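Here are my notes on the model you sent over. I've kept them as numbered points so you can work through them with the viewer open.

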Amino acid sequence: MAQWDRLRLLPAVYRQQLHELYDRDALPMDVRHYLSVWIEKQEWKRAEREYDFAMVLFQVLLENLDIQHSRFVQEEEFLLQHNIRRYKHNFQRYLDEPCTLAGTILWFLDKEKEILQSADLAEQVQCLQVAQEAMEISSKQDLERKMAGLRNEVQCMEHTMLCLEEQQDEFDFKFQTFKMEAVGDEAANNEQLKVFQQLVNKLDECRKGTLSDLNKLLDRAEDLLNLLVKNELVDWQRRQQKACIGSPDNVCLNQLEKWFTCVAVCLFQVREFLGKLEELVGKVSYENDPVKAQKPALQRRADTLLQDLLKSSFVVETQPSMPQGKGPLVLRTNVQFSVKTRLLIKFPELNHSMKVNVSMDREAPQIKGYRHFNVLGTKTKALNMAESQNGGMVADFRHLTLKEQKSGGGGKGVSDISLSVTEELHMIYFDTVFDMKGLSVELQASSLPVVIISNSSQQQNSWASILWFNMLSQDTKDVTFFANSPAAPWPQFGEMLSWQFLSATKLGLNDAQKEMIAHRLFGKQQQYDTCKVAWSKFSKENTPDTFWVWFDGILVMVKSYLEDLWRDGLIMGFVSKGKEKSLLKKKQRGTFLLRFSESVIGGITFSWVDIDMNGEPEVKTVQPFTKVDLSQIPFQEIIRNFQIFEEENIPENPLLYLYPDTPKDKAFGKYYSEKSGEESAYIKYIKTKLMFVSKENTLEARSLSDMSQGETLEALNGLCGEAAELNGNLEMFHPDPMLSGAATAQEDDLLLYQNNPSLFFCSDFLPDEEEQPDFSLQGLNSLTPQSCGSIFQ
């Protein structure tokens with residue numbers, strides 16, 4: 001690697017030394033940077049001793065500065081134009097002392113080597129102490145170095161072409177002059193012709209060298225193109241697949257755009273060099289001219305490389321998605337969706353000139369019942385830089401819709417494969433034409449496969465298909481994937497489940513939580529890494545309560561009602577009943593944990609450890625709460641106010657310490673409502689407690705109400721959900737304290753009550769788990785105010 005490139009990639013502390021070195025005015029850093037390749041190839045030690053040689057290098061240095069100035073004029077870099085002109089003026093002081101300039105440049109190069117040696121030594125010492133760098137960082141640095149090398153080679157080629165043109169112009173001028181002024185002296189003419197033959201030989205040698213250098217330049221460009229298209233772009237596409245299903249992978253295209261544009265610019269310059277050679281051959285040619293023999297092959301190769309690069313540079317930056325969808329790639333007919341394409345080769349002169357067209361299912365598979373759709377809306381947009389935050393060349397389609405074609409169905413050659421609507425994959429295609437500098441290339445991009453539904457009830461199963469495909473498929477065009485879907489290895493499957501929580505709540509699953517899920521899927525195993533989950537087990541078995549429905553129900557509940565508690569790590573969540581029992585029985589009385597129900601879709605419960613009559617620890621569990629309950633009262637308030645009646649009807653909250661030993665109020669305190677109980681504005685006039693009594697195997701709900709003067713309440717009749725199904729005869733107690741003598745519970749009764757500003761709840765004890773009593777808390781939705789008689793006055 002070139003010395004200057006190595007210096008630029010050094011750690012910050014050594015780059016600072018480099019900046020301090022070039023604080024001197026003798027050799028500006030800009031000159032060192034832009035002429036780095038040329039400077040490092042010259043024999044400055046010889047120039048320090050030989051005046052004539054030093055003068056030649058001095059003149060070439062000024063010529064190179066002129067070339068740089070011309071480039072900055074073309075690029076409209078006003079400040080750089082000014083600097084280069086000033087640097088050239090300053091170098092004029094060495095006109096009579098070119099050896100001094102050579103010595104100065106040599107001194108700077110030696111100092112640079114000292115900095116590199118210090119950095120190399122430090123790196124060798126560090127390698128003995130720390131682990132190797134991540135491969136990703138290393139490969140990116142290697143790619144950056146190769147990009148810098150390509151740019152430098154192109155820069156050198158510009159100088160080579162300039163020298164070749166000057167050499168040819170010199171020969172052409174002298175030869176044309178000789179032909180016009182040729183004398184009759186044959187001997188003199190022959191001598192002159194020998195001189196011209198030497199000049200032609202030298203010109204031929206330079207042309208061969210230039211062609212060889214161009215071939216090497218194309219080799220370097222091809223190497224970089226393969227790295228970009230076969231490695232970096234493929235890696236990005238895989239990261240985008242994973243990001244669509246919740247992975248935190250970086251899918252920013254800015255770096256890829258920079259690399260693609262760099263290689264494209266260099267290849268276009270190679271085409272210009274070849275065009276310049278064609279022009280030179282038109283002025284001066286001779287027998288066995290190497291340009292005539294080799295230039296066509298080089299032209300074809302350069303064009304092929306450029307076409308391959310261009311075809312790979314047109315991508316879908318943002319996959320199709322609906323504004324209110326569960327995730328990308330699930331689309332609903334007659335509902336608008338958006339999608340964004342991007343050209344990774346950024347040429348500002350193409351802004352608004354390339355039109356992108358959208359189409360559907362260009363090569364639909366021959367599958368029985370496979371549906372076909374039309375794209376409606378604004379189907380043509382121009383690639384432009386205004387719709388991108390970072391100035392990229394994008395076409396942002398925001399108002400597209402899909403409509404199913406009426407005619408469809410199979411025909412001859414249709415296979416017997418039959419897929420459900422939520423397993424049917426479709427492709428959206430985008431076409432445009434790149435046309436610049438005499439090169440026209442048709443470009444095409446396609447979305448990841450999408451699932452198209454017609455009803456929101458299909459959303460959940462469709463998202464399961466998108467998760468499964470993008471978790472497992474490396475072929476992004478395989479629309480028949482679900483005809484023979486592979487099984488998912490547990491490590492990959494568990495990671496995908498964790499991404500769902502990570503994307504929804506910013507906190508994924510830990511190893512213990514994933515292990516519980518694996519235990520649910522595979523039973524008890526020593527280790528789960530070799531286990532696999534079949535597609536049917538994920539989304540088809542036990543319909544409608546499939547594994548995915550169970551898991552997604554939990555995810556929706558957490559996202560909607562428990563996100564803060566989950567993100568703070570207060571919910572253990574995925575823990576089996578057996579594991580829960582073993583954890584709690586080792587803890588002090590009142591220790592509790594929160595876990596998701598294994599039998600109720602979208603349910604959460606809490607279990608606590610108590611001490612039985614024999615002094616042994618006993619784990620008790622409340623009936624799971626669902627979104628019906630949590631939509632009426634926050635879960636932290638349920639935990640805060642949850643109470644049971646112990647002996648002598650003394651209310652007590654059995655939840656004291658969140659597992660392992662965090663005091664309840666310390667864990668949940670910051671989420672409590674500011675006012676509760678009598679301070680709540682909702683019960684300024686009416687204070688109500690609804691209590692539930694369990695007598696052996698019967699269920700009774702009893703309502704005790706504290707009435708303010710002139711007001712009374714009538715409780716609703718009946719329990720909700722599972723409790724209502726198990727108990728058909730409920731006894732409702734009237735709020736009149738003079739008529740409710742039976743409200744006194746017996747000593748063996750267990751009462752549970754819940755305070756709430758505006759709602760009533762009922763609870764009952766149910767044996768949901770083996771050897772563990774469950775307590776059910778169910779919601780009552782309304783209360784009717786009644787006028788009161790004088791009995792309450």
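1. A definition to start with: two strands count as paired if DSSP finds at least two bridges between them. By that criterion, β5 pairs with strand β7 (residues 393-404), antiparallel and over five bridges. One of the matched positions is Phe 373, whose bridge partner in β7 is Glu 404. Keep in mind throughout that this is a predicted model.

2. Now the sheet that this pair belongs to. It is an open sheet of four strands in the order β1-β3-β7-β5, with antiparallel pairing. The edges are β1 (314-321) and β5 (373-377), each of which has a pairing partner on one side only. On average, neighbouring strands here are turned by 35° against each other, ignoring direction. As general background, strands of a sheet pair through backbone hydrogen bonds, in either a parallel or an antiparallel way.

3. Next, β3, which has a partner in both β1 and β7. Five bridges link β1 and β3 in the antiparallel sense, while β3 and β7 are joined by six bridges, again antiparallel. Thr 341 is a handy residue to click on: Val 316 stands opposite Thr 341 in β3, and in β7 the bridge partner of Thr 341 is Ala 395. Is strand β3 enclosed or open to the outside? Six of the seven residues of β3 (residues 337-343) are buried, so the strand is largely enclosed by the rest of the structure.

4. Zooming out to the whole chain. There are 22 helices and 27 strands, and 47% of the 793 residues are buried. If you take contacts between residues at least 6 apart in sequence, 70% of them join residues at least 24 apart. The exposed area is about 40,100 Å², with carbon and sulfur atoms supplying 48% of it.

5. On to charges. Side chains of opposite charge can pair when their charged atoms come close. With a nitrogen-to-oxygen cut-off of 4 Å, the count comes to 37 salt bridges. One of them is between Glu 158 and Arg 71, at 2.0 Å from N to O. Glu 158 sits in helix α9 (residues 135-181) and Arg 71 in helix α6 (residues 51-74), so this pair ties together parts that are 87 residues apart in sequence. Is Arg 71 buried or exposed? Arg 71 is buried, its relative accessible area being 18%, which falls under the 20% limit.

6. Two other salt bridges stay within a single helix. Lys 276 pairs with Glu 279, with 3.4 Å between the closest N and O atoms. Both are in helix α11 (residues 254-283), three residues apart, or about one turn of the helix. Lys 276 is partly exposed at 22% relative accessible area, and Glu 279 is also partly exposed, at 39%. Lys 559 and Glu 563 make a salt bridge too, at 3.3 Å from N to O. This pair lies in helix α17 (residues 547-567), with four residues of spacing, again about one turn. Lys 559 counts as partly exposed, with 41% relative accessibility. Elsewhere, shared partners join Asp 142, Arg 145, Lys 146 and Asp 223 into one salt-bridge network.

7. Finally, some backbone geometry to look at. Most residues other than glycine have a negative phi, and most peptide bonds are trans. Which peptide bond is cis? The bond from Tyr 659 to Pro 660 is, with omega near 5°. Pro 660 belongs to the loop between β19 (657-658) and β20 (662-663).

8. Positive phi values deserve their own point. Asn 288 has a positive phi of about 60° although it is not a glycine; its place is the loop between α11 and α12 (290-312). Lys 506, another residue other than glycine, has phi near 75°, and lies in the loop between α14 (490-505) and α15 (511-522). Are these residues buried or exposed? Asn 288 is exposed, with a relative accessible area of 67%, and Lys 506 is exposed as well, at 59%.

Technical notes: Residues are numbered from 1 along each chain as its sequence is written. This is a predicted model: local features need pLDDT of at least 70, side-chain atom pairs count only at pLDDT 80 or more; totals for chains, interfaces and linings use all residues. Side-chain values use heavy atoms; hydrogens and water are left out. A salt bridge is a side-chain nitrogen of Lys or Arg within 4 Å of a carboxyl oxygen of Asp or Glu. Buried means under 20% relative accessible area, exposed over 50%, partly exposed in between (1.4 Å probe, protein chains only). Contact means heavy atoms within 4.5 Å. Accessible areas come from the Shrake-Rupley method with a 1.4 Å probe; for residues, only the protein chains shown count as cover. Axes are lines fitted to C-alpha atoms, for helices over the stretch in contact, and angles run from 0 to 180 degrees between N-to-C directions.
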